[in-house]
Amino acid sequence: METSQSFRDPELARRVAEKIKSLTPNTRTIKICHVCGTHEWTISHFGMRSLLPKNIEVIAGPGCPVCILPASEVDAAIKIAKKGITVTCFGDVLRVPGSRGSLLDAKADGADVRIIYSTSDAVKMAQEEPAKEFVFFAVGFETTAPSTAIEVERKSAENLSFLVSHRIVPPAMELLAKMDDLALDGFIAPGHVSTIIGVEPYAIFPAKYGLPTVVAGFEPLDLLFAVYMIIKQISESKPRLENEYSRGVQWAGNIKAQRLISTAFDVKDGKWRGLGIIPKSTLALKQIYAHYDAIHRHNINLEDGVDSQPGCLCHLVVVGKIKPNACPLFLKACTPQNPVGACMVSIEGTCRVWAKTINLV
Amino acid sequence: MSIIGDKAQVDFGEKVLREVNVTLVDAKVGEYVLVHAGYAIQTMSEKDALETLSLWNEVLEAGRE
């Protein structure tokens with residue numbers, strides 16, 4: 001079998017599932033939370049929930065940067081675009097609802113909004129059209145933040161500034177760990193966020209909250225093994241921090257990337273759609289880079305936005321309190337073609353993933 | 001495939017070639033890189049992948065006796 005195929009070996013999966021079953025206490029529900037849109041995709045796409053004992057619940061936390069992007073920042077991007085400035089963004093950011101409409105609506109109204117694949121595409125566009133003013137709407141967790149930091153520090157293009165909406169994941173996990181009504185039993189920590197930040201930032205979850213925490217990769221067997229490792233820790237009553245994804249995550253993370261992040265950004269309190277203000281969870285450009293801060297350069301007033309449309313339950317989906325199909329709008333008023341809530345927009349959004357797959361739970 | 005300065009030509013398989021920024025990694029031509037939105041964030045090796053597989057098998061064998 002090819003190496004890559006071995007990570008999806010059904011026989012191996014069956015054996016891990018058996019091991020999980022044999023270790024799972026059947027006296028109570030065990031709730032494991034992952035914090036990564038791609039984990040949700042793998043879990044749903046490969047029907048992994050059906051392999052687990054009924055009393056193990058794997059829920060999706062706020063692991064999709066597009067889902068937690070507050071309307072106020074989308075509104076700011078729209079304001080910038082309507083000033084005649086070219087706004088570049090990743091594809092899934094385009095349709096995130098702001099208070100009144102999305103960047104896609106602004107584009108339909110004639111604004112110059114362009115989809116890019118990489119921060120470096122924005123740099124290239126700005127360099128090719130020096131007479132034009134460009135803004136990159138920098139959305140993403142720690143995985144994406146280093147690319148913004150690289151281009152800001154390098155001062156790649158004078159006519160390019162950044163609307164920075166980067167968020168950092170561990171503070172949001174801590175918010176969930178503290179929610180009594182969520183009552184989590186363990187965390188599957190995100191893979192590529194951890195490639196950057198390393199494993200250590202999650203140490204507080206086992207140490208302070210008694211929650212087994214395992215960093216996991218993105219193949220179905222990665223996630224099954226992560227569940228197994230968490231169940232094993234629970235059965236031994238020894239919560240600890242483990243790294244299942246050692247081929248993609250070093251314990252210390254990517255030091256170069258961490259250094260770039262801390263040189264370019266200050267950590268500040270910040271708003272997450274559906275979750276409110278989370279202390280020390282947002283990256284903001286340092287004062288010395290104010291020239292590259294689109295809010296500053298284009299004199300934009302950040303106003304309180306409308307994060308939730310009537311009837312939308314994204315704020316409960318995003319913390320795993322309800323499943324997407326418990327929302328009255330799910331696949332009725334809110335569809336992948338016409339998303340009402342942010343969780344239906346990105347391919348990493350929990351509602352969008354559930355709309356495209358069948359979860360037999 | 002090739003590296004010039006901080007830009008590398010990366011083979012994504014099936015003849016898909018893309019320019020990738022390699023500022024964050026110390027990658028050499030011929031190595032595997034993990035790419036996120038056009039920036040390599042980590043080098044990877046087949047050896048590490050095989051290690052994961054053998055670790056998994058060990059875990060499964062451990063409970064067999």
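Q: How many residues does each chain bring to the contact between chain A and chain B?
A: Two residues are in contact if their C-beta atoms, placed from the backbone, lie within 7 Å. Here 26 residues come from chain A and 20 residues from chain B. This is a predicted model: local features need pLDDT of at least 70, side-chain atom pairs count only at pLDDT 80 or more, and totals for chains, interfaces and linings use all residues. Residues are numbered from 1 along each chain as its sequence is written, while chains are lettered from A and ligands numbered from 1 in the order in which they are written.

Q: Which elements supply the side of chain A that touches chain B?
A: Elements are DSSP runs, numbered from the N terminus: helices are H or I with at least four residues, strands E with at least two. At least two residues each come from α1 (3-6), α2 (10-23), α6, α7, α9 (191-197), α11 (220-236) and α12 (255-264) of chain A. α2(A) gives the largest share, 4 residues.

Q: What is the make-up of that side by class?
A: Ala, Val, Leu, Ile, Met, Phe, Trp, Tyr, Cys and Pro count as nonpolar, Asp, Glu, Lys and Arg as charged, and the others, Gly among them, as polar. The side of chain A that touches chain B has 9 nonpolar, 13 polar and 4 charged residues.

Q: How do I read a sheet? What is the strand order in the sheet of 4 strands?
A: Strands of a sheet pair through backbone hydrogen bonds, either parallel or antiparallel. Two strands pair if DSSP finds at least two bridges between them. This open sheet runs β4-β3-β5-β6 (chain A), with parallel pairing. Its edge strands, β4 (113-116) and β6 (160-166) of chain A, each pair on one side only. The twist averages 25° from one strand to the next; axes are lines fitted to C-alpha atoms, for helices over the stretch in contact, and angles run from 0 to 180 degrees between N-to-C directions.

Q: Which strands of chain A does helix α6 touch?
A: Helix α6 (residues 119-128) packs on the sheet against β3 (86-90), β4, β5 and β6 of chain A. Its direction makes about 180° with that of β5(A).

Q: How many bridges join β5 to β6 in chain A?
A: There are 7, and the strands run parallel. A:Phe136 stands opposite A:Phe162 in β6(A).

Q: What is the order in the sheet of 5 strands?
A: That open sheet is β2-β1-β7-β8-β9 (chain A), again with parallel pairing. β2 (56-60) and β9 (241-243) of chain A are the edge strands.
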